[in-house]
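Here is a walk through one protein model, going from the overall layout to a few side-chain pairings. Have the structure open while you read.

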Amino acid sequence: LETASAAQEQLLAQREEQLHRLEMERRRLHNLLQELKGNIRVFCRVRPVLPEESERQKELNHLHFPPDDRATLSFFWPQQSHTGRERRGNVRYNFSFDRVFAPGASQREVFEEIALLVQVGTPAPQNPL
């Protein structure tokens with residue numbers, strides 16, 4: 001019985017060492033991936049119009065979220081003459097981000113996008129023996 005227990009303890013120690021090595025390798029690869037992508041990410045999340053803003057803002061008609069491009073936000077603004085008397089149509093401004101979230105985006109959708117960027121360190125389980 002003692003030899004079986006000693007063998008199990010030895011196997012457990014080997015597995016813990018292997019787990020530690022694999023965790024270090026995972027972190028190294030994660031950091032390398034982040035470096036290759038660039039260490040800074042810029043996300044844009046547009047919140048929905050609040051009820052008290054809806055009449056003043058008339059929804060979000062001045063913002064456009066291209067369905068085929070999840071990294072661009074287009075902003076349309078009426079162009080006026082320098083004197084302000086004549087309207088010349090809309091001017092379009094395009095903004096690029098790593099990811100744009102429209103007002104209808106859920107918390108889950110945002111979290112799924114950033115989950116790989118966030119690493120939470122969990123302590124290794126302690127051997128109670």
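Accessible area here is the kind you get from the Shrake-Rupley method with a 1.4 Å probe. Keep in mind that this is a predicted model. With that probe, the accessible surface of the protein comes to about 11000 Å². Carbon and sulfur atoms own 54% of that area.

**The overall layout**

How much of the protein is buried? Of its 129 residues, 13% count as buried. The secondary structure adds up to three helices and five strands, and if you read along the sequence they come in the order α-β-α-β-β-β-β-α. As for contacts with a separation of 6 or more, 50% of them are between residues 24 or more positions apart.

**The helix at the start**

Helix α1 covers residues 2-37. The UniProt record, an unreviewed entry, puts a "coiled-coil region" at residues 5-39. In the model that span is 94% helix and 0% strand, and its end C-alpha atoms lie 47 Å apart.

Which residues make up a nonpolar patch on the surface? They are Leu-29, Leu-32 and Leu-36, and together they show about 300 Å² of accessible area. Take Leu-32 as one of them: this leucine is found in helix α1, and its relative accessibility is 38%, so it counts as partly exposed.

Charged side chains pair up along the helix too. Arg-26 forms a salt bridge with Glu-23, with 2.8 Å between the closest N and O atoms. Both of these residues lie in helix α1, three residues apart, which is about one turn of the helix. Arg-28 and Glu-25 meet in a salt bridge as well, at 2.9 Å from N to O. Why are Arg-28 and Glu-25 separated by about one helical turn? Because they sit three residues apart in helix α1.

How open are these four side chains? Arg-26 has a relative accessible area of 40% and is partly exposed, and Glu-23 counts as partly exposed at 27%. In the other pair, Arg-28 is partly exposed at 45%, and so is Glu-25 at 33%.

**Salt bridges further along**

How many salt bridges does a search of the whole structure find? The count is seven, and these three are among them:

| Salt bridge | Closest N to O |
|---|---|
| Arg-26 with Glu-23 | 2.8 Å |
| Arg-28 with Glu-25 | 2.9 Å |
| Glu-113 with Arg-99 | 3.5 Å |

Now to the last row, where Glu-113 forms a salt bridge with Arg-99. Glu-113 lies in helix α3 (residues 107-114) and Arg-99 in strand β5 (residues 99-101), so this pair ties together parts that are 14 residues apart in sequence. Is Arg-99 buried or exposed? At 6% relative accessibility, Arg-99 counts as buried, because the cut-off for buried is under 20%. Glu-113, with a relative accessible area of 30%, is partly exposed. Both residues also belong to a network of salt bridges that links Arg-70, Arg-99, Glu-109 and Glu-113.

**The aromatic rings**

A pair of aromatic rings is described by the distance of the centres and the angle of the planes. The structure holds three aromatic pairs. In one of them, the rings of Phe-75 and Trp-77 have centres 5.6 Å apart and planes at 15°, so the pair is stacked; planes under 30 degrees apart count that way.

Phe-75 also pairs with Tyr-93. Their ring centres are 6.4 Å apart and their planes are at 40°, so this pair is tilted. The Phe-75 and Tyr-93 pair links distant parts of the chain: Phe-75 is in strand β3 (residues 72-80) and Tyr-93 in strand β4 (residues 87-96), 18 residues apart.

What about exposure? Phe-75 is partly exposed, with a relative accessible area of 22%, and Tyr-93 counts as partly exposed at 40%. Which residues do ring pairs link into a cluster? The members are Phe-75, Trp-77 and Tyr-93.

Methods:
Residues are numbered from 1 along each chain as its sequence is written. This is a predicted model: local features need pLDDT of at least 70, side-chain atom pairs count only at pLDDT 80 or more; totals for chains, interfaces and linings use all residues. Side-chain values use heavy atoms; hydrogens and water are left out. Patches are made of residues with over 30% relative accessible area and no salt bridge: like charges are joined within 9 Å, nonpolar side chains (Val, Leu, Ile, Met, Phe, Trp, Tyr) within 5 Å. A salt bridge is a side-chain nitrogen of Lys or Arg within 4 Å of a carboxyl oxygen of Asp or Glu. Helices (H or I, at least four residues) and strands (E, at least two) are DSSP runs, numbered from the N terminus. Buried means under 20% relative accessible area, exposed over 50%, partly exposed in between (1.4 Å probe, protein chains only). UniProt positions are given in the numbering used here, feature names are shortened, and annotations may be inferred rather than shown by experiment. Contact means heavy atoms within 4.5 Å. Rings of Phe, Tyr and Trp (its six-membered ring) pair if their centres lie within 6.5 Å; planes under 30 degrees apart count as stacked, over 60 as edge-to-face and the rest as tilted.
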